[in-house]
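Please open the structure in your viewer and keep the selection tool at hand. The stops below go from one selection to the next, with a word on what is found at each.

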Amino acid sequence: MGKLSNIGHALYEGKVSIDFVGRKWLWYSISALILLAAVGGLAGKGLNLGIEFEGGVEYQVAMPAGQADEAHVQKIRDAVAKEAERKNIDAAVSPIVNVSGDNNIRVQTEPLNNDESSDISSVIQKSAGVDGDAISSDSIGATWGAQVAQRALLGLVVFLVLVVLFIWAYFREWKMSVGAIVALAHDLLITVGIYALSGFEVTPATVTGILTILGFSLYDTVVVFDKVRENTKNLARTRQTYAEAANLAINQTLVRSINTSIVALLPVGALLYVGVVSLGSGALKDLALALFVGMAAGAYSSIFIATPLVVQLKELEPGVRAGDARALRHRSRHEVDRYASVPTFTDDMPLHDEPEEGDTRTAGPDGREPEQTGVARGPVRTPRSTAGERPASRPVSPSASAKRAQPSRKPRSQRGKG
(Lines give C-alpha, C1' and ligand atoms only; values in the text may rest on other atoms or scores of the structure.)
Protein backbone atom coordinates (compact mmCIF):
# COMPACT_ATOMS: atom_id res chain seq x y z
CA MET A 1 0.00 0.00 0.00
CA GLY A 2 2.93 2.31 0.67
CA LYS A 3 4.18 1.98 -2.88
CA LEU A 4 0.70 2.62 -4.27
CA SER A 5 0.30 5.74 -2.15
CA ASN A 6 3.73 6.96 -3.28
CA ILE A 7 2.77 6.43 -6.91
CA GLY A 8 -0.50 8.29 -6.37
CA HIS A 9 1.33 11.19 -4.72
CA ALA A 10 3.87 11.32 -7.55
CA LEU A 11 1.07 11.38 -10.13
CA TYR A 12 -0.72 14.16 -8.27
CA GLU A 13 2.44 16.27 -7.96
CA GLY A 14 3.33 15.73 -11.62
CA LYS A 15 6.63 13.98 -10.83
CA VAL A 16 5.33 10.92 -12.70
CA SER A 17 3.04 11.49 -15.65
CA ILE A 18 1.23 9.29 -18.17
CA ASP A 19 0.62 11.04 -21.48
CA PHE A 20 -3.10 10.41 -21.94
CA VAL A 21 -3.78 13.48 -24.07
CA GLY A 22 -0.71 13.10 -26.29
CA ARG A 23 -1.63 9.49 -27.15
CA LYS A 24 -5.26 10.24 -27.87
CA TRP A 25 -5.16 8.65 -31.32
CA LEU A 26 -4.09 5.35 -29.76
CA TRP A 27 -7.06 5.43 -27.36
CA TYR A 28 -9.39 6.46 -30.18
CA SER A 29 -8.19 3.50 -32.24
CA ILE A 30 -8.77 1.04 -29.38
CA SER A 31 -12.28 2.40 -28.84
CA ALA A 32 -12.99 2.23 -32.56
CA LEU A 33 -12.08 -1.47 -32.65
CA ILE A 34 -14.30 -2.22 -29.65
CA LEU A 35 -17.18 -0.24 -31.13
CA LEU A 36 -16.72 -1.99 -34.48
CA ALA A 37 -17.05 -5.37 -32.75
CA ALA A 38 -20.14 -4.14 -30.88
CA VAL A 39 -21.82 -2.87 -34.06
CA GLY A 40 -20.92 -6.12 -35.80
CA GLY A 41 -22.61 -8.08 -33.02
CA LEU A 42 -25.72 -5.93 -33.27
CA ALA A 43 -25.88 -6.25 -37.06
CA GLY A 44 -25.02 -9.96 -37.16
CA LYS A 45 -26.67 -11.57 -34.14
CA GLY A 46 -29.00 -8.84 -32.97
CA LEU A 47 -30.43 -8.48 -29.48
CA ASN A 48 -32.07 -11.42 -27.77
CA LEU A 49 -35.18 -9.56 -26.67
CA GLY A 50 -37.00 -11.07 -23.72
CA ILE A 51 -40.60 -12.04 -23.55
CA GLU A 52 -41.40 -8.68 -21.97
CA PHE A 53 -40.55 -6.92 -25.25
CA GLU A 54 -41.69 -9.42 -27.88
CA GLY A 55 -44.61 -11.04 -26.06
CA GLY A 56 -45.19 -14.75 -25.55
CA VAL A 57 -45.99 -17.39 -22.97
CA GLU A 58 -43.83 -18.22 -19.96
CA TYR A 59 -44.15 -21.44 -17.96
CA GLN A 60 -42.70 -21.84 -14.49
CA VAL A 61 -42.17 -25.49 -13.49
CA ALA A 62 -41.66 -26.22 -9.79
CA MET A 63 -39.33 -29.23 -9.70
CA PRO A 64 -38.64 -31.54 -6.75
CA ALA A 65 -35.55 -30.70 -4.71
CA GLY A 66 -32.35 -31.34 -6.62
CA GLN A 67 -34.03 -32.00 -10.00
CA ALA A 68 -33.80 -28.50 -11.47
CA ASP A 69 -30.69 -29.35 -13.47
CA GLU A 70 -29.44 -29.29 -17.04
CA ALA A 71 -30.57 -32.86 -17.68
CA HIS A 72 -34.21 -31.97 -17.07
CA VAL A 73 -33.78 -28.69 -18.98
CA GLN A 74 -32.63 -30.57 -22.06
CA LYS A 75 -35.39 -33.19 -21.66
CA ILE A 76 -38.14 -30.54 -21.49
CA ARG A 77 -36.66 -28.60 -24.43
CA ASP A 78 -36.59 -31.67 -26.68
CA ALA A 79 -40.11 -32.73 -25.69
CA VAL A 80 -41.64 -29.29 -26.36
CA ALA A 81 -39.85 -28.90 -29.71
CA LYS A 82 -40.93 -32.41 -30.83
CA GLU A 83 -44.56 -31.79 -29.87
CA ALA A 84 -44.57 -28.41 -31.62
CA GLU A 85 -43.27 -29.97 -34.85
CA ARG A 86 -45.82 -32.80 -34.66
CA LYS A 87 -48.77 -30.42 -34.21
CA ASN A 88 -47.35 -27.60 -36.41
CA ILE A 89 -47.13 -25.11 -33.51
CA ASP A 90 -44.47 -22.85 -35.04
CA ALA A 91 -44.38 -20.52 -32.02
CA ALA A 92 -43.02 -23.33 -29.81
CA VAL A 93 -40.54 -24.96 -32.20
CA SER A 94 -37.57 -23.18 -30.56
CA PRO A 95 -38.45 -22.80 -26.88
CA ILE A 96 -36.15 -21.08 -24.40
CA VAL A 97 -35.67 -23.38 -21.42
CA ASN A 98 -33.34 -22.67 -18.50
CA VAL A 99 -33.00 -23.06 -14.76
CA SER A 100 -34.64 -20.33 -12.69
CA GLY A 101 -33.61 -20.48 -9.05
CA ASP A 102 -32.88 -23.61 -7.06
CA ASN A 103 -36.00 -25.65 -7.81
CA ASN A 104 -37.60 -24.01 -10.86
CA ILE A 105 -37.29 -24.41 -14.61
CA ARG A 106 -38.54 -21.67 -16.91
CA VAL A 107 -39.92 -22.35 -20.41
CA GLN A 108 -40.63 -19.48 -22.82
CA THR A 109 -42.29 -19.60 -26.22
CA GLU A 110 -43.71 -17.13 -28.70
CA PRO A 111 -47.39 -16.10 -28.34
CA LEU A 112 -49.80 -19.09 -28.34
CA ASN A 113 -53.57 -19.44 -28.37
CA ASN A 114 -55.38 -21.23 -25.56
CA ASP A 115 -55.42 -24.69 -27.19
CA GLU A 116 -51.73 -24.51 -28.11
CA SER A 117 -50.84 -23.30 -24.63
CA SER A 118 -52.71 -26.26 -23.07
CA ASP A 119 -50.91 -28.75 -25.33
CA ILE A 120 -47.48 -27.34 -24.45
CA SER A 121 -48.35 -27.34 -20.74
CA SER A 122 -49.29 -31.04 -20.93
CA VAL A 123 -46.03 -31.89 -22.68
CA ILE A 124 -44.02 -30.03 -20.03
CA GLN A 125 -45.90 -31.82 -17.26
CA LYS A 126 -45.16 -35.28 -18.72
CA SER A 127 -41.52 -34.62 -19.54
CA ALA A 128 -40.80 -33.04 -16.15
CA GLY A 129 -42.69 -35.70 -14.23
CA VAL A 130 -44.70 -33.24 -12.10
CA ASP A 131 -48.37 -32.60 -11.37
CA GLY A 132 -50.43 -29.97 -13.12
CA ASP A 133 -50.38 -27.79 -10.00
CA ALA A 134 -46.59 -27.50 -10.29
CA ILE A 135 -46.86 -25.57 -13.58
CA SER A 136 -47.91 -21.93 -13.84
CA SER A 137 -48.13 -19.93 -17.08
CA ASP A 138 -48.22 -16.22 -17.90
CA SER A 139 -49.19 -14.78 -21.25
CA ILE A 140 -47.61 -11.44 -22.16
CA GLY A 141 -48.77 -9.47 -25.17
CA ALA A 142 -46.45 -7.65 -27.54
CA THR A 143 -48.27 -4.37 -26.84
CA TRP A 144 -47.00 -4.26 -23.28
CA GLY A 145 -43.45 -4.93 -24.47
CA ALA A 146 -43.68 -2.06 -26.96
CA GLN A 147 -44.75 0.27 -24.16
CA VAL A 148 -41.76 -0.80 -22.05
CA ALA A 149 -39.41 -0.10 -24.97
CA GLN A 150 -40.94 3.33 -25.59
CA ARG A 151 -40.69 4.30 -21.93
CA ALA A 152 -37.07 3.18 -21.83
CA LEU A 153 -36.22 5.23 -24.92
CA LEU A 154 -38.00 8.26 -23.50
CA GLY A 155 -36.09 7.93 -20.22
CA LEU A 156 -32.80 7.74 -22.12
CA VAL A 157 -33.54 10.87 -24.17
CA VAL A 158 -34.58 12.85 -21.07
CA PHE A 159 -31.44 11.72 -19.28
CA LEU A 160 -29.16 12.85 -22.12
CA VAL A 161 -30.86 16.26 -22.35
CA LEU A 162 -30.45 16.80 -18.62
CA VAL A 163 -26.79 15.79 -18.87
CA VAL A 164 -26.11 18.43 -21.53
CA LEU A 165 -27.87 21.15 -19.55
CA PHE A 166 -26.20 20.22 -16.27
CA ILE A 167 -22.63 20.18 -17.63
CA TRP A 168 -23.15 23.39 -19.59
CA ALA A 169 -24.55 25.16 -16.51
CA TYR A 170 -21.89 23.82 -14.14
CA PHE A 171 -18.78 24.31 -16.26
CA ARG A 172 -20.04 27.11 -18.53
CA GLU A 173 -18.47 25.18 -21.38
CA TRP A 174 -20.43 23.50 -24.17
CA LYS A 175 -17.35 21.60 -25.32
CA MET A 176 -17.37 19.65 -22.08
CA SER A 177 -21.02 18.78 -22.72
CA VAL A 178 -19.99 17.37 -26.09
CA GLY A 179 -17.21 15.32 -24.50
CA ALA A 180 -19.58 13.92 -21.87
CA ILE A 181 -22.24 12.97 -24.42
CA VAL A 182 -19.68 11.24 -26.65
CA ALA A 183 -18.41 9.27 -23.64
CA LEU A 184 -21.96 8.26 -22.67
CA ALA A 185 -22.77 7.14 -26.23
CA HIS A 186 -19.50 5.18 -26.24
CA ASP A 187 -20.48 3.36 -23.02
CA LEU A 188 -24.05 2.72 -24.18
CA LEU A 189 -23.03 1.24 -27.52
CA ILE A 190 -20.39 -1.02 -25.97
CA THR A 191 -22.83 -2.34 -23.35
CA VAL A 192 -25.54 -3.07 -25.93
CA GLY A 193 -22.99 -4.69 -28.24
CA ILE A 194 -21.77 -6.98 -25.45
CA TYR A 195 -25.38 -8.06 -24.89
CA ALA A 196 -25.70 -8.92 -28.57
CA LEU A 197 -22.41 -10.84 -28.69
CA SER A 198 -23.06 -12.77 -25.47
CA GLY A 199 -26.64 -13.66 -26.35
CA PHE A 200 -27.93 -12.55 -22.94
CA GLU A 201 -31.63 -11.85 -22.86
CA VAL A 202 -32.69 -8.20 -22.84
CA THR A 203 -35.26 -7.61 -20.10
CA PRO A 204 -36.56 -4.54 -18.22
CA ALA A 205 -33.79 -5.21 -15.69
CA THR A 206 -31.31 -4.67 -18.54
CA VAL A 207 -32.80 -1.25 -19.25
CA THR A 208 -32.55 -0.35 -15.58
CA GLY A 209 -28.89 -1.38 -15.53
CA ILE A 210 -28.06 0.67 -18.63
CA LEU A 211 -29.61 3.84 -17.19
CA THR A 212 -27.70 3.23 -13.96
CA ILE A 213 -24.29 2.88 -15.64
CA LEU A 214 -24.87 6.09 -17.59
CA GLY A 215 -25.13 7.90 -14.27
CA PHE A 216 -21.94 6.23 -13.03
CA SER A 217 -20.06 7.19 -16.19
CA LEU A 218 -21.25 10.79 -15.92
CA TYR A 219 -20.15 10.98 -12.28
CA ASP A 220 -16.60 9.91 -13.13
CA THR A 221 -16.44 12.30 -16.10
CA VAL A 222 -17.59 15.29 -14.03
CA VAL A 223 -14.86 14.64 -11.44
CA VAL A 224 -12.15 14.69 -14.13
CA PHE A 225 -13.63 17.78 -15.81
CA ASP A 226 -13.72 19.61 -12.48
CA LYS A 227 -9.98 19.01 -12.03
CA VAL A 228 -9.34 20.16 -15.61
CA ARG A 229 -11.15 23.42 -14.90
CA GLU A 230 -9.14 23.92 -11.73
CA ASN A 231 -5.80 23.34 -13.49
CA THR A 232 -6.61 25.53 -16.49
CA LYS A 233 -7.95 28.50 -14.52
CA ASN A 234 -4.59 30.36 -14.40
CA LEU A 235 -2.55 28.93 -17.26
CA ALA A 236 -0.53 32.15 -17.67
CA ARG A 237 0.98 31.69 -14.19
CA THR A 238 1.78 28.01 -14.51
CA ARG A 239 3.40 28.41 -17.96
CA GLN A 240 1.66 25.21 -19.10
CA THR A 241 -0.22 24.53 -22.30
CA TYR A 242 -3.89 23.59 -22.07
CA ALA A 243 -3.10 20.01 -23.06
CA GLU A 244 -0.44 19.70 -20.34
CA ALA A 245 -2.76 21.06 -17.64
CA ALA A 246 -5.58 18.74 -18.73
CA ASN A 247 -3.23 15.76 -18.82
CA LEU A 248 -2.08 16.61 -15.29
CA ALA A 249 -5.74 16.64 -14.19
CA ILE A 250 -6.22 13.10 -15.54
CA ASN A 251 -3.11 11.89 -13.71
CA GLN A 252 -4.24 13.56 -10.49
CA THR A 253 -7.62 11.77 -10.58
CA LEU A 254 -6.30 8.49 -12.01
CA VAL A 255 -5.79 6.64 -8.73
CA ARG A 256 -9.17 7.79 -7.44
CA SER A 257 -10.91 6.64 -10.64
CA ILE A 258 -9.23 3.23 -10.55
CA ASN A 259 -10.02 2.70 -6.86
CA THR A 260 -13.65 3.75 -7.30
CA SER A 261 -14.09 1.48 -10.32
CA ILE A 262 -12.54 -1.55 -8.61
CA VAL A 263 -14.63 -1.08 -5.48
CA ALA A 264 -17.78 -0.83 -7.62
CA LEU A 265 -16.92 -3.72 -9.95
CA LEU A 266 -16.12 -6.29 -7.25
CA PRO A 267 -19.66 -6.62 -5.82
CA VAL A 268 -21.24 -6.34 -9.27
CA GLY A 269 -18.94 -9.11 -10.51
CA ALA A 270 -20.02 -11.26 -7.58
CA LEU A 271 -23.69 -10.64 -8.48
CA LEU A 272 -22.97 -11.56 -12.11
CA TYR A 273 -21.29 -14.81 -11.05
CA VAL A 274 -24.18 -15.77 -8.79
CA GLY A 275 -26.73 -14.86 -11.46
CA VAL A 276 -25.04 -16.89 -14.19
CA VAL A 277 -23.67 -19.89 -12.28
CA SER A 278 -26.06 -20.36 -9.37
CA LEU A 279 -29.39 -18.93 -10.52
CA GLY A 280 -28.93 -19.45 -14.26
CA SER A 281 -31.49 -16.85 -15.24
CA GLY A 282 -33.49 -13.96 -13.95
CA ALA A 283 -33.39 -10.22 -13.45
CA LEU A 284 -30.27 -10.39 -11.26
CA LYS A 285 -28.11 -11.72 -14.08
CA ASP A 286 -29.43 -9.19 -16.62
CA LEU A 287 -28.92 -6.27 -14.24
CA ALA A 288 -25.43 -7.39 -13.19
CA LEU A 289 -24.12 -7.78 -16.76
CA ALA A 290 -25.27 -4.29 -17.76
CA LEU A 291 -23.73 -2.78 -14.62
CA PHE A 292 -20.42 -4.63 -14.96
CA VAL A 293 -19.84 -3.82 -18.63
CA GLY A 294 -21.11 -0.25 -18.30
CA MET A 295 -19.01 0.61 -15.25
CA ALA A 296 -15.84 -0.70 -16.87
CA ALA A 297 -16.58 1.19 -20.09
CA GLY A 298 -17.46 4.34 -18.12
CA ALA A 299 -14.16 4.37 -16.25
CA TYR A 300 -12.31 3.93 -19.55
CA SER A 301 -14.20 6.64 -21.45
CA SER A 302 -13.85 9.25 -18.67
CA ILE A 303 -10.06 8.96 -18.80
CA PHE A 304 -9.24 8.06 -22.39
CA ILE A 305 -12.07 9.57 -24.44
CA ALA A 306 -13.87 12.50 -22.79
CA THR A 307 -10.93 14.65 -21.67
CA PRO A 308 -8.72 14.21 -24.79
CA LEU A 309 -11.74 15.13 -26.92
CA VAL A 310 -12.34 18.30 -24.87
CA VAL A 311 -8.66 19.25 -25.29
CA GLN A 312 -8.96 18.83 -29.05
CA LEU A 313 -12.01 21.12 -29.14
CA LYS A 314 -10.42 23.71 -26.86
CA GLU A 315 -7.24 23.87 -28.95
CA LEU A 316 -9.36 25.18 -31.82
CA GLU A 317 -10.04 28.40 -29.86
CA PRO A 318 -7.75 31.35 -30.77
CA GLY A 319 -7.24 32.31 -27.12
CA VAL A 320 -6.09 28.83 -26.13
CA ARG A 321 -3.75 28.63 -29.14
CA ALA A 322 -2.24 32.03 -28.23
CA GLY A 323 -1.75 30.97 -24.60
CA ASP A 324 -0.08 27.71 -25.66
CA ALA A 325 2.25 29.65 -27.95
CA ARG A 326 3.24 32.02 -25.12
CA ALA A 327 3.96 29.10 -22.81
CA LEU A 328 6.17 27.43 -25.43
CA ARG A 329 8.06 30.69 -26.11
CA HIS A 330 8.65 31.23 -22.40
CA ARG A 331 9.92 27.68 -22.07
CA SER A 332 12.27 28.01 -25.03
CA ARG A 333 13.84 31.20 -23.58
CA HIS A 334 14.67 29.46 -20.32
CA GLU A 335 16.04 26.42 -22.09
CA VAL A 336 18.70 28.64 -23.72
CA ASP A 337 20.13 29.66 -20.32
CA ARG A 338 19.46 27.04 -17.66
CA TYR A 339 20.58 29.39 -14.86
CA ALA A 340 18.34 32.28 -15.89
CA SER A 341 15.45 30.96 -13.86
CA VAL A 342 15.88 30.89 -10.07
CA PRO A 343 13.47 28.47 -8.41
CA THR A 344 11.06 29.88 -5.87
CA PHE A 345 11.27 28.43 -2.39
CA THR A 346 8.41 26.13 -1.46
CA ASP A 347 7.69 24.17 1.69
CA ASP A 348 8.09 20.81 -0.02
CA MET A 349 11.63 21.47 -1.30
CA PRO A 350 14.14 18.75 -0.32
CA LEU A 351 16.24 19.56 2.75
CA HIS A 352 19.96 18.73 2.98
CA ASP A 353 21.75 18.07 6.25
CA GLU A 354 24.68 20.35 7.01
CA PRO A 355 28.12 18.66 6.85
CA GLU A 356 29.42 17.21 10.06
CA GLU A 357 32.64 18.42 11.67
CA GLY A 358 35.64 16.92 9.97
CA ASP A 359 33.81 16.29 6.69
CA THR A 360 36.01 17.70 3.92
CA ARG A 361 33.43 17.39 1.16
CA THR A 362 32.01 20.53 -0.32
CA ALA A 363 28.61 20.97 -1.83
CA GLY A 364 28.17 21.74 -5.50
CA PRO A 365 26.25 24.65 -7.05
CA ASP A 366 22.97 22.76 -6.84
CA GLY A 367 23.43 21.58 -3.23
CA ARG A 368 24.53 18.05 -4.07
CA GLU A 369 27.72 16.30 -3.02
CA PRO A 370 30.82 16.11 -5.24
CA GLU A 371 30.03 12.54 -6.25
CA GLN A 372 26.82 13.79 -7.79
CA THR A 373 28.03 17.06 -9.28
CA GLY A 374 31.63 16.35 -10.25
CA VAL A 375 32.95 19.28 -8.14
CA ALA A 376 36.43 18.76 -6.69
CA ARG A 377 36.75 17.95 -3.01
CA GLY A 378 37.96 20.67 -0.68
CA PRO A 379 37.63 22.03 2.84
CA VAL A 380 34.21 23.06 3.96
CA ARG A 381 33.00 25.38 6.67
CA THR A 382 32.53 23.92 10.11
CA PRO A 383 28.94 23.78 11.30
CA ARG A 384 27.83 26.56 13.61
CA SER A 385 27.53 25.90 17.31
CA THR A 386 24.20 25.54 19.01
CA ALA A 387 24.71 28.93 20.76
CA GLY A 388 24.77 30.66 17.40
CA GLU A 389 28.47 31.68 17.68
CA ARG A 390 31.10 30.71 15.24
CA PRO A 391 33.77 28.52 16.93
CA ALA A 392 37.44 29.23 16.56
CA SER A 393 39.07 27.74 13.51
CA ARG A 394 42.01 26.50 15.74
CA PRO A 395 42.75 26.40 19.46
CA VAL A 396 44.20 29.59 21.02
CA SER A 397 47.90 29.18 21.87
CA PRO A 398 49.88 31.31 24.35
CA SER A 399 51.79 34.23 22.81
CA ALA A 400 54.54 36.58 23.97
CA SER A 401 52.11 39.42 24.56
CA ALA A 402 50.19 37.36 27.06
CA LYS A 403 52.91 38.08 29.76
CA ARG A 404 52.81 41.86 29.29
CA ALA A 405 50.71 44.11 31.47
CA GLN A 406 47.49 44.82 29.71
CA PRO A 407 45.92 48.29 29.85
CA SER A 408 42.87 48.60 32.04
CA ARG A 409 40.04 51.05 31.96
CA LYS A 410 40.08 53.54 34.88
CA PRO A 411 36.93 54.55 36.72
CA ARG A 412 35.31 57.77 35.57
CA SER A 413 36.30 59.59 38.78
CA GLN A 414 40.01 59.00 38.10
CA ARG A 415 40.01 59.85 34.40
CA GLY A 416 42.10 62.87 33.46
CA LYS A 417 44.06 62.76 36.70
CA GLY A 418 47.66 62.09 36.21
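Begin by selecting V228, which, leaving aside its neighbours within four places in sequence, is in contact with M176, Y242, A246, A249 and T307. Bear in mind from the start that this is a predicted model. V228 has its place in helix α8, and with a relative accessible area of 1% the residue is buried, because buried means under 20%. If you add Q252 to the selection, you will have two residues that are 24 apart along the chain, with 9.8 Å between the C-alpha atoms of V228 and Q252.

Move next to Y242, one of the contacts of V228. Not counting residues up to four places away in sequence, Y242 touches M176, V228, T232, L235, V310, V311, K314, V320 and D324.

**The nonpolar cores**

Which residues touch the most other members of the largest nonpolar core? Select M176, Y242 and M295, for these are the three that do so among the 57 residues of that core. At least two residues of this core come from each of α2 (24-44), α6 (142-171), α7, α8, α10 and α11, and it is α11 that gives the most, with 15 residues. Apart from this core lies another, of 24 residues, and you can find it by selecting I76, L112, A134 and I135, which are among its members.

**Helix α7 and its end**

Now colour α7, a helix of 25 residues that reaches 36 Å from its first C-alpha to its last, close to the 36 Å expected at 1.5 Å a residue. Just after α7 comes G199, and the phi of G199 is positive, near 80°.

**Salt bridges**

Side chains of opposite charge can pair when their charged atoms come close. Counting a side-chain nitrogen of Lys or Arg within 4 Å of a carboxyl oxygen of Asp or Glu, the model has nine salt bridges, and a few of them are worth selecting in turn.

Select K175 and E317, whose side chains meet in a salt bridge at 2.8 Å, N to O. K175 lies in helix α7 (residues 174-198) and E317 in the loop between α11 (283-314) and α12 (318-336), so the pair ties together parts that are 142 residues apart in sequence. K175 itself is buried, with a relative accessible area of 9%.

Go on to R256 and D220, which form a salt bridge with their closest N and O atoms 3.1 Å apart. This pair links distant parts of the chain, since R256 is in helix α10 (residues 242-279) and D220 in helix α8 (residues 204-231), 36 residues apart. The two partners are not covered alike: R256 is partly exposed at 26% relative accessible area, whereas D220, at 3%, counts as buried.

The next selection is E83, R86, K87 and D119, four residues linked in a network of salt bridges. Within the network, the side chains of K87 and E83 meet at 3.4 Å, N to O. Here K87 counts as partly exposed at 37% relative accessibility, while E83 is buried, with a relative accessible area of 13%.

**A nonpolar patch on the surface**

Finish with L153, L154, V157, V158, V161, L162 and L165, which together make a nonpolar surface patch of about 650 Å². Is L162, a member of this patch, buried or exposed? L162 is found in helix α6, and at 53% relative accessibility the residue counts as exposed, because the cut-off for exposed is over 50%.

Methods
Residues are numbered from 1 along each chain as its sequence is written. This is a predicted model: local features need pLDDT of at least 70, side-chain atom pairs count only at pLDDT 80 or more; totals for chains, interfaces and linings use all residues. Side-chain values use heavy atoms; hydrogens and water are left out. Buried means under 20% relative accessible area, exposed over 50%, partly exposed in between (1.4 Å probe, protein chains only). Helices (H or I, at least four residues) and strands (E, at least two) are DSSP runs, numbered from the N terminus. The expected span of a helix is 1.5 Å times one less than its number of residues. A nonpolar core is a set of buried Ala, Val, Leu, Ile, Met, Phe, Trp, Tyr and Cys residues joined through side-chain atoms within 4.5 Å. Contact means heavy atoms within 4.5 Å. Patches are made of residues with over 30% relative accessible area and no salt bridge: like charges are joined within 9 Å, nonpolar side chains (Val, Leu, Ile, Met, Phe, Trp, Tyr) within 5 Å. Accessible areas come from the Shrake-Rupley method with a 1.4 Å probe; for residues, only the protein chains shown count as cover.
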